[in-house]
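Please open the structure in your viewer and keep the selection panel at hand, since the tour below moves from one selection to the next.

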Protein chains: 2
Amino acid sequence: MSRTIEVCLTPALLHLYAIEKSIVVVIDILRATSSITYGLENGAESIIPVAQVEDCLRYSNKDYLLAAERNGEVVPGYDFGNSPFSYTQEKVAGRTIVLTTTNGTKAMHMAQKRAHQVVVGSFLNLTALCDWLKVQDKNVLLLCAGWKDQFNLEDTLFAGAVVNRLRKDFMHFDDASVAAEDMYLLAKDDLRTYLKKSSHSHRLEQLNIEEDVQFCLKLDVCKVIPVLDGERLVKLF
Amino acid sequence: MSRTIEVCLTPALLHLYAIEKSIVVVIDILRATSSITYGLENGAESIIPVAQVEDCLRYSNKDYLLAAERNGEVVPGYDFGNSPFSYTQEKVAGRTIVLTTTNGTKAMHMAQKRAHQVVVGSFLNLTALCDWLKVQDKNVLLLCAGWKDQFNLEDTLFAGAVVNRLRKDFMHFDDASVAAEDMYLLAKDDLRTYLKKSSHSHRLEQLNIEEDVQFCLKLDVCKVIPVLDGERLVKLF
């Protein structure tokens, strides 16, 4: 078993990685991949990630729920915003949701062009994801969606959590995975407090989404692994 | 004083930063910026960084010392390789050296196109560099040269050391600088052991440059700050 784990710290570095035979795990903790995980766990049939609010328009009929925010508010006429709390069983069971998420969508679409398989990770499905990755005979690239191509702390911490769980089952780790794991070990006892160091902590406060942030840092609330199938994210099994 | 410090983890992310009014510190700890610092400290008149061994050819007359390695060996016909131990006073005082360094040169040339000023950092001149940055009224970007555009540990640790020294004198720190500082704090008591975690630790061992690595991690052996002036690195003062 000479499988490798690598961490791509932002989508702007993805071209450096050979991913044709790899599973790519897309990570956008606040809040896209957390909401996607929670939505599929709660019975959504599928979730279609799009980059811009305008991209939702081609789905604007009653078959779809549309999710988009601008400046922390639900866009008028849309069904809900990006809070994971919107993705409850009552609202999403059996439905397809079109979710607007700039960084997460970009990362998923870039990875999909070349990767063997694209799945979604979040603290909400950490154990389920790691248990599945362990028994695949594939290299793994953990792709942090970041913020406008910039490195961010929360996505890197999650990548580090996965590296830490999979250390015994994989052989080679790149420098970014070493760094991510050490940051995770430093932060793991109180992820929320650690993230207060973040440069965009202030932006998050202004969005008034503290409950969302705390929820997105909860471990193992879900058992699903969302996988990209064409334009749709669906349950892997 | 609302100056910012940011850390650019690899040259592939440099386009994301507004550096027109910033001082950019180029970091290529193993071994380019360490050897440059040591060479200027030891009286070299200037050092011209070039990317390829072939680029040295236009300087091949007795006015220049030529430095290049291939696979850890001095290129035949060249004066020395990339070990900082070659840059002694006896060898370099009063001379101009043409130094082949792929990652470092790329980072310097990219930064020079847009930055207010480009200087060179290494553990060897950490205190001198930080003392100088403190009294400039400029934003600072710490640019890790990395390895073929990939993130690497040693350059990031040095960036973290600078952030740690300058924390009180600057206002805004991006997520990468938070991560770099935390990694530095984790590693600082034994940088060499920490770097054994690196994915290219094995490559370094094969190059048989352990003494070089240990020297490049020494603090404050030098007082110079190399600054890019046209194609040449010279002493700032």
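Begin by selecting helix α1 of chain B, residues 32–41, which in this predicted model is mostly covered, with 9 of its 10 residues buried. Showing the side chains there, you can step through the buried positions, which are A32(B), T33(B), S34(B), S35(B), I36(B), T37(B), Y38(B), G39(B) and L40(B). If you then follow the backbone just past the end of α1(B), you come to G43(B), which takes a positive phi of about 95°.

Next, display both chains and superpose one on the other. Chain B can be laid on chain A by a turn of 180° with a shift of 0.0 Å along the axis, and the RMSD of that fit is 0.0 Å; this is the relation of a two-fold axis. The same surface serves both copies, in that 100% of the contact residues of chain B recur in chain A.

Now select the residues on either side of the interface, where 28 residues of chain B are in contact with 28 residues of chain A. The area buried between the two chains is about 2100 Å², and carbon and sulfur atoms give 61% of it.

Which kinds of polar pairing can be picked out across this interface? The rule finds 12 residue pairs in polar contact between chain B and chain A, both residues of each pair being at pLDDT 80 or more, and it also finds 2 salt bridges. To look at one of these salt bridges, select K197(B) and D182(A), whose side chains meet at 2.7 Å, N to O.

Staying on the side of chain B that touches chain A, colour the elements that give two or more residues to it, namely α5 (153–166), β10 (172–173) and α6 (175–187) of chain B. Of these, α6(B) gives the most, with 7 residues. Colouring that same side by residue class instead divides its residues into 14 nonpolar, 7 polar and 7 charged.

For the last stop, move to chain A and select strand β9, residues 139–144, in which L141(A) lies. Is L141(A) buried or exposed? Its relative accessibility is 2%, so L141(A) counts as buried. Leaving aside neighbours within four places in sequence, the residues in contact with L141(A) are E6(A), V7(A), C8(A), L14(A), Y17(A), I19(A), I23(A), V24(A) and V25(A). As a final distance to draw, take L141(A) and L233(A), which are 92 residues apart in sequence and 18 Å apart in space, C-alpha to C-alpha.

Terms used: Residues are numbered from 1 along each chain as its sequence is written. Chains are lettered from A and ligands numbered from 1 in the order in which they are written. This is a predicted model: local features need pLDDT of at least 70, side-chain atom pairs count only at pLDDT 80 or more; totals for chains, interfaces and linings use all residues. Side-chain values use heavy atoms; hydrogens and water are left out. Contact means heavy atoms within 4.5 Å. Buried area is the accessible area (1.4 Å probe) that two parts lose on being put together, summed over both. A salt bridge is a side-chain nitrogen of Lys or Arg within 4 Å of a carboxyl oxygen of Asp or Glu. A polar contact is a pair of N or O atoms within 3.5 Å; within protein, one must be able to donate a hydrogen and the other to accept it, and residues adjacent in sequence count only if both atoms are side-chain atoms. Helices (H or I, at least four residues) and strands (E, at least two) are DSSP runs, numbered from the N terminus. Ala, Val, Leu, Ile, Met, Phe, Trp, Tyr, Cys and Pro count as nonpolar, Asp, Glu, Lys and Arg as charged, and the others, Gly among them, as polar. Buried means under 20% relative accessible area, exposed over 50%, partly exposed in between (1.4 Å probe, protein chains only). Copies are superposed by least squares on the C-alpha atoms of residues with pLDDT of at least 70 in both.
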